[in-house]
Amino acid sequence: MKQLTHYDIQNTQKSFPITIVCDAIRTPENIGMCFRISESFGVKKIFLHENSPTVENRIVKKTARNTLNQIDYEYYTNFEETINKLKEEGNTIVGIEITDESVNIQDFDFSSKEKIVLLLGSERNGIENINLVDATVAIPMFGRNSSMNVIHSLAIALYETTNQLKSI
């Protein structure tokens, strides 16, 4: 067995109708990793709150590597206006959040949605206005902790979403 390098691997590049909205995420490492994981999964665009660290932040740049130049992004001021605009554009807003109505992520039918927004809340407060979402999905966990890092949640959600979408 031979371990492969970046030069040995040629990924099938594919883009998916997925947008990420980062609601009040303030940690530079999380913003940088959001770009990196989103680019890896063919995400179309990322929305960042105006109070999030900018892409000029040294830690964001270091963590994101070269993906800052490979994925479209936009800053927003008003959360509700942004979500409503995305809905008007035909997006289904899916919060990655534990609620009393959350569906286990593997049981949610992403393939029936034309355009998808995966909405990430802050680790401290969750999603700003949960009533704006069309659905919420939860990641089943088996330990004692009931939550995980927001970017780990995003990675799992993107894996499940693209896994369902790639066959259409």
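**Exercise 1. An aromatic cluster**

Is Phe35 buried or exposed, and what is its relative accessible area? Determine also how Phe35 relates to the other aromatic rings around it in this predicted model.

*Solution.*

Step 1. The relative accessible area of Phe35 is 0%. Buried means under 20%, so Phe35 is buried.

Step 2. Three aromatic pairs are counted in the model. In one of them, Phe35 and Tyr73 have ring centres 5.4 Å apart and planes at 80°, an edge-to-face arrangement. This pair joins distant parts of the chain, since Phe35 belongs to helix 1 and Tyr73 to strand 3, 38 residues apart.

Step 3. Tyr73 has a relative accessibility of 31% and therefore counts as partly exposed. The rings of Phe35, Tyr73 and Tyr75 are linked into a cluster by ring pairs.

**Exercise 2. Classifying a second ring pair**

Which geometry describes the rings of Phe108 and Phe110?

*Solution.*

Step 1. A pair of aromatic rings is described by the distance of the centres and the angle of the planes.

Step 2. For Phe108 and Phe110 the centres are 4.8 Å apart and the planes meet at 65°. Planes over 60 degrees apart count as edge-to-face, so the Phe108 and Phe110 pair is edge-to-face.

Step 3. Both Phe108 and Phe110 are buried.

**Exercise 3. The order of the sheet**

Establish in what order the seven strands form the sheet, and which strands stand at the edges.

*Solution.*

Step 1. The sheet is open, its pairing is parallel, and its seven strands follow the order 3-2-1-6-4-7-5.

Step 2. Strand 3 and strand 5 are the edge strands. Each has a single partner strand, so one side of each lacks a neighbour in the sheet.

Step 3. The pairings can be followed from strand 3 inwards. Strand 3 (residues 72–76) pairs with strand 2 in the parallel sense over five bridges, and His49 is opposite Tyr76 of strand 3. Helix 2 (residues 58–64) carries the chain from strand 2 to strand 3 in a right-handed β-α-β crossover.

Step 4. Strand 2 is also joined to strand 1 (residues 18–22), in the parallel sense and over four bridges. Within this pairing, Ile20 has Ile46 of strand 2 as its bridge partner. Here the connection from strand 1 to strand 2 passes through helix 1 (residues 28–40), and this β-α-β crossover is right-handed.

Step 5. Strand 1 pairs with strand 6 (residues 115–120) in the parallel sense over five bridges. Ile20 has a bridge partner in strand 6, Leu118.

Step 6. At the other end of the order, strand 7 pairs in the parallel sense with strand 4 (residues 91–96) over three bridges, and with strand 5 (residues 103–104) over two bridges. Val137 of strand 7 is the bridge partner of Ile96 and also that of Val103.

**Exercise 4. Burial of strands 2 and 7**

Why is strand 2 described as largely enclosed by the rest of the structure? Examine also how the side chains of strand 7 are directed.

*Solution.*

Step 1. In strand 2 (residues 45–49), five of the five residues are buried, so the strand is largely enclosed by the rest of the structure.

Step 2. In a regular strand the side chains alternate between the two faces of the sheet. In strand 2, Lys45, Phe47 and His49 point one way, Ile46 and Leu48 point the other way, and all are buried.

Step 3. In strand 7 (residues 135–138), Ala135 and Val137 point one way and Thr136 and Ala138 the other, and all are buried.

**Exercise 5. Helices against the sheet**

Describe which strands helix 3 and helix 4 meet, and where Ser153 is placed.

*Solution.*

Step 1. Helix 3 (residues 79–88) lies across strands 1, 2, 3, 4 and 6, and runs at about 135° to strand 4.

Step 2. Helix 4 packs on the sheet and touches strand 1, strand 4 and strand 6; its direction makes about 165° with that of strand 6.

Step 3. Ser153 is located in helix 4 (residues 150–165). With a relative accessible area of 12%, Ser153 is buried.

Step 4. Leaving aside residues up to four places away in sequence, Ser153 touches Ile96, Ile139 and Met148.

How values were computed
Residues numbered from 1 in each chain as written. Predicted model: local features only at pLDDT ≥ 70, side-chain atom pairs only at ≥ 80, totals over all residues. Heavy atoms only, no water. Buried < 20%, exposed > 50% of the residue type's maximum accessible area, 1.4 Å probe, protein only. Pairing = 2+ DSSP bridges. Right-handed = clockwise from strand over helix to strand, strands pointing away. Contact = heavy atoms within 4.5 Å. Phe/Tyr/Trp six-rings, centres within 6.5 Å; stacked < 30°, edge-to-face > 60°. Axes fitted to C-alpha atoms, helices over the stretch in contact; angles between N-to-C directions.
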